[in-house]
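Thanks, everyone, for making the time this morning. I would like to walk through the ligand site first and then say a few words about the cysteines.

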Amino acid sequence: MEVKISGHTFEYDIIGMSLLFFPGDPVRFCARPKEKQWLSSRLHLKDGSAVAIATYRDGERTYTCRKKAWSIDKEGLLGAVKYTVYQVFHRATQISPPWGILTGIKPTGIYQRILAEKGPKDAREFLIKNYCMQPKKIPLLHQICKVMEGVKTDCEKEASLYVSIPFCPSRCSYCSFISVAAERCNHLIEPYLEALYREIPEKCAVLKKHGLKLRSVYVGGGTPGILNGEQMSRLLRAICNELDAPLDEFTYELGRPDTVTKEKLQILKEMGVTRICINTQTTNDEILEAVGRRHTRKEYLNAVALTKQMGFASINTDLIAGLPNEDEQSFARSLEDVFEAGVDNITIHTLSIKRSSYLHDDKEQFDPRKDRVRRMLDHAYERLLSKGYIPYYMYRQKNTVSNGENVGFARPDTIGLYNLFMMEDLHTVAACGAGASSKIISGSSGRIERVINMKYPYEYIRENEKIQRNTALLDQKLGER
Ligand SMILES: C[S@@+](CC[C@H](N)C(=O)[O-])C[C@H]1O[C@@H](n2cnc3c(N)ncnc32)[C@H](O)[C@@H]1O
């Protein structure tokens, strides 16, 4: 589609809106659209108020919408521009994306701000009227914000640590994370761990210098379960050496069920790990094989049973809605299997497509008119609530099927603290390893800064000086808070 904009520079947001209605269709900005399908988006500022106008031509018909911005700060102006674009696309296609004009990663942040300003009733109306949100999404946001309010952390005194193990036994076909398959890169694991043993104490020393005490640690992947017992034990010792007081939560993402052994679980238990992630994504054996996961439903159930016997405080399982060839019944069965396994946390992800060209190639699967995945999610939320799990964090990724979201559910006394601290920017997270991104949160101004390590393990092993510069940057940014 050709797009002409004037009076604003919200190109990126227009692309986001277009993706909701026309996934996979490229957007081309130009001064004079010549094709049959085009959009014009304008913003007029005059005498302290602003009006957005969108016109969409789909070849035969023309749709126009205008809206006065509800405020003239960036949020109000952008809101009005997105609103008008939403309306013309919606009228032309009859598609109603569940999150309305909210295309960002964290709808909870926006909801919290509006809730604080207007109270629950007016916030709801405001979101439906101005953000075009579907009413059924609002209770989910509200519940999550209520849980968040109950979790207290002092941003000036507390922080968390993330340790990245970006190796997997094999690559899952759908995976959108940077990780290397160990069958080809096994030889990198030892030097990678050596580099981590340098970075972990350095980053922790910086946190201490700024008076920050660790509240939670998350060892994530990739598949950290890929480490053998000895490697695991040494890594955990390197982390524990930095702890002056017990953690509130220590998560180790074993990841694939086929990496779980009694020996490893014993080591994790002895070293004070409290929360374990064992993911299955689906329990449909045919789909597991098709996406390149080398475990079965039975292995998942056995792995969780073994972990439960060891008495960890909490076990998490990830599921993905929208895997190729998974229908609603199969996804619902996977969820029942996870209930049967008896885990404490269940995180429901919506499949996100790695390359947006897939959206174009497989128009049928990603057609926003078809809400197969939406129904999977709705069913899952209903079942989870009826089983006593509450939603406690949420984020959205780009290019998800049916524009779906990712939501973490937990039994009320087992909320995954790290997920909340990190996703909701409640306090600083120092992150070690390849692909790790440290976030420095300033409590007084709410400013968020990032220090990002290099993506790939081979770079991380080689470029120790760059890592040290990143640690110095963390130090500097903490000092400037
Ligand atoms: C960083 S991955 C690590 C998972 C771990 N390697 C395993 O196999 O269990 C964390 C989670 O992200 C989710 N995930 C990965 N790729 C995804 C995609 N393309 N769309 C949606 N969720 C995805 C999966 O649920 C996964 O468990």
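Let me begin with the secondary structure around the ligand, where strand 10 (249–255), strand 12 (314–321) and strand 13 (345–350) each supply at least two residues of the surrounding shell. Please keep in mind that this is a predicted model.

Of the 20 residues around the ligand, those that come nearest are Y174, G222, Q281, D318 and S352. By residue class, the shell divides into 10 polar, six nonpolar and four charged residues.

Turning to individual contacts, an oxygen atom of the ligand lies 2.6 Å from an N or O atom in the side chain of D318, and for the side chain of R293 the distance from one of its N or O atoms to a ligand oxygen is 2.8 Å. With Y174 the contact involves the backbone, a polar atom of which is 2.8 Å from a nitrogen atom of the ligand. As for how much of the ligand is covered, it exposes 570 Å² when taken alone, and the protein buries 95% of that.

Now to the cysteines: the structure holds zero disulfides. C65 is in no disulfide, and the nearest cysteine sulfur, which belongs to C132, is 8.5 Å away; C65 is also buried, with a relative accessible area of 6%.

Why is C175 not bonded to C172? The closest cysteine sulfur to that of C175 is the one in C172, and because the two are 6.2 Å apart, they are too far for a bond. C175 is buried as well, at a relative accessible area of 17%.

Note on methods:
Residues numbered from 1 in each chain as written. Predicted model: local features only at pLDDT ≥ 70, side-chain atom pairs only at ≥ 80, totals over all residues. Heavy atoms only, no water. Near = heavy atom within 4 Å. Polar contact = N/O pair within 3.5 Å; in protein donor to acceptor, adjacent residues only side chain to side chain. Areas by Shrake-Rupley, 256 points an atom, 1.4 Å probe, with all protein chains shown as cover. Helix = DSSP H or I, 4+ residues; strand = E, 2+ residues; numbered from the N terminus. Nonpolar A, V, L, I, M, F, W, Y, C, P; charged D, E, K, R; others polar. Disulfide = S-S within 2.5 Å. Buried < 20%, exposed > 50% of the residue type's maximum accessible area, 1.4 Å probe, protein only.
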